[in-house]
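This briefing goes through a predicted model. It takes the ligands in turn and then the cysteines.

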Amino acid sequence: MASLIRNDWTLNEIKDIYNTPLLELVYRAATVHREYQESNEVQVCTLLSVKTGGCSEDCAYCPQAARYHTGVNVHALMQTDEVISYARKAAEAGSTRFCMGAAWREVRDNRDFDRVIEFVKEVNKLGMEVCCTLGMLTENQAQRLADAGLYAYNHNLDTSDEYYSEIITTRTYDDRLKTLDNVRKAGVSVCCGGIVGLGETHEDRIKMLHTLSTMAEHPESVPVNALVAVKGTPLENQGKVNIWDMVRMIATARILMPGAMVRLSAGRTEMSLSDQALCFMAGANSIFAGDKLLTTPNPSFDDDHSMFELFGLKPRAAFKETMHV
Ligand code: SAM
Ligand code: DTB
Ligand code: SF4
């Protein structure tokens, strides 16, 4: 029988899971994965940066913060037809979720937001799950997005509450939680995860997983990003993320939140095929496809297609309910 979905994990329980000997941990996560998910299916999502750079926040990892000199091509909000043509190409290439990102601190009730609402309505018509990541949202804005047909909203906690202020000073952890709450209230699916490699401790990772897995409802998707260290950001000199840390993080997330899609997100260009195979073994079942994330490189559709062939993976259909045994 499948283990129950729990929202009452204690920090000590999570610590024990996270610190399980690696191969045993992967085996346990792979077992849970098979109870709740189709283990040969991986969700393929495409990202598009609809408004790039010039952001007023100071997130230490982010190439799009205006205050760092990263050489990112600043771009105002794209036009609707351009966005739709990208979305159509993504659908043709096999993506089932289209995620639009804007380098905003928060959404404002202005014409740009009206245009994003138009993007959501149009992408919805293409039969893909529509996702946005636009910064902080009020309850009303979340509801407007929901009414337009938004399927999911991405808003990451990134790290632990304790370490947050080392990475971002222009907003608080509570601001983040408030937006997540607004998204939930609007009935939109929650995509929320974090980044490995910000200089955080194992304890910080465990605490972030605790916050996520003790939410009244687990996020439906949990992105695990490996830091892409971008020149010009305060974290430019962070060393390459250890693959075993990624595997541990993914496996623990899978065990704690069996019904969630665990997304192997940023950082795949630095990973070998065997590294990625381990992440899928450990319970990752979603990726971003296409040669660009928001502003940084990602493996090409062709490379990922060959990887799927090699591993015997197939893309997951859109709007599929998680299997609860
Ligand atoms: N401005 C919005 C916000 O902050 O929520 C949306 C866009 S923001 C770029 C989305 C997420 O991308 C961040 O929360 C962070 O987790 C991730 N991210 C940004 N830069 C990254 C990097 N260099 N490496 C890994 N993940 C990154
Ligand atoms: C997420 O957790 N990772 C994606 C998506 N959600 C929006 C973004 C990764 C961005 C990596 C840096 C860049 O390309 O600018
Ligand atoms: Fe702005 Fe989002 Fe980048 Fe932070 S992560 S600087 S809020 S675009």
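How many nonpolar, polar and charged residues does the shell around ligand 1 have? The shell has ten nonpolar, five polar and two charged residues. Ligand 1 takes up the space of the largest cavity, and ligand 2 sits in the largest cavity too. The space taken by ligand 3 is likewise the largest cavity. The structure holds zero disulfides.

**Ligand 1**

- Ligand 1 is surrounded by 17 residues, and the closest of them are Y61, N156, D158, R176 and V228.
- D158 places a polar side-chain atom 2.6 Å from an oxygen atom of ligand 1.
- R176 also has a polar side-chain atom by an oxygen atom of ligand 1, at 2.8 Å.
- A102 takes part through its backbone: an N or O atom there lies 3.3 Å from a nitrogen atom of ligand 1.
- Ligand 1 exposes 560 Å² when taken alone, and the protein buries 90% of that.

**Ligand 2**

- The residues surrounding ligand 2 are L47, P63, T133, N154, N156, P223, N225, F288, L293, L294, T295 and T296.
- By class, this shell around ligand 2 has six nonpolar and six polar residues, with no charged residues.
- The side chain of T295 has a polar atom 2.6 Å from an oxygen atom of ligand 2.
- In the side chain of T296, an N or O atom is 2.8 Å from an oxygen atom of ligand 2.
- N154 has a polar side-chain atom 3.4 Å from a nitrogen atom of ligand 2.
- On its own, ligand 2 has 400 Å² of accessible area, and the protein covers 89% of this.
- N156 is among the residues that surround ligand 2, and N156 is also one of the closest residues to ligand 1.

**Ligand 3**

- Around ligand 3 are the residues C55, E57, C59, Y61, C62, A65, A103, W104 and R171.
- Sorted by class, the shell of ligand 3 has seven nonpolar residues, two charged residues and no polar ones.
- Y61 is found around ligand 3, and Y61 is also listed with the closest residues to ligand 1.
- The cysteines around ligand 3 include C55, C59 and C62.

**Cysteines**

- A disulfide is a covalent bond between the sulfur atoms of two cysteines.
- The structure has zero disulfides, and C191 is accordingly in none, with the nearest cysteine sulfur, that of C131, 5.5 Å away.
- A disulfide needs two cysteine sulfur atoms within 2.5 Å.
- C191 is buried, at a relative accessible area of 2%.
- Why does C279 have no bond to the closest cysteine sulfur, in C45? The sulfur of C279 lies 16 Å from that sulfur, which is too far for a bond.
- C279 is buried as well, with a relative accessible area of 0%.

Methods
Residues are numbered from 1 along each chain as its sequence is written. Chains are lettered from A and ligands numbered from 1 in the order in which they are written. This is a predicted model: local features need pLDDT of at least 70, side-chain atom pairs count only at pLDDT 80 or more; totals for chains, interfaces and linings use all residues. Side-chain values use heavy atoms; hydrogens and water are left out. Buried means under 20% relative accessible area, exposed over 50%, partly exposed in between (1.4 Å probe, protein chains only). A residue is near a molecule or strand if one of its heavy atoms lies within 4 Å of it. On a 1 Å grid over the protein atoms alone, a cavity is a set of points where a 1.4 Å probe fits but cannot get out, and a pocket is an open set with protein on both sides within 12 Å along at least five of seven lines; lining residues have an atom within 4 Å of a point. A molecule sits in a cavity or pocket if more than half of its atoms lie within 2 Å of its grid points. Ala, Val, Leu, Ile, Met, Phe, Trp, Tyr, Cys and Pro count as nonpolar, Asp, Glu, Lys and Arg as charged, and the others, Gly among them, as polar. A polar contact is a pair of N or O atoms within 3.5 Å; within protein, one must be able to donate a hydrogen and the other to accept it, and residues adjacent in sequence count only if both atoms are side-chain atoms. Accessible areas come from the Shrake-Rupley method with a 1.4 Å probe; for residues, only the protein chains shown count as cover.
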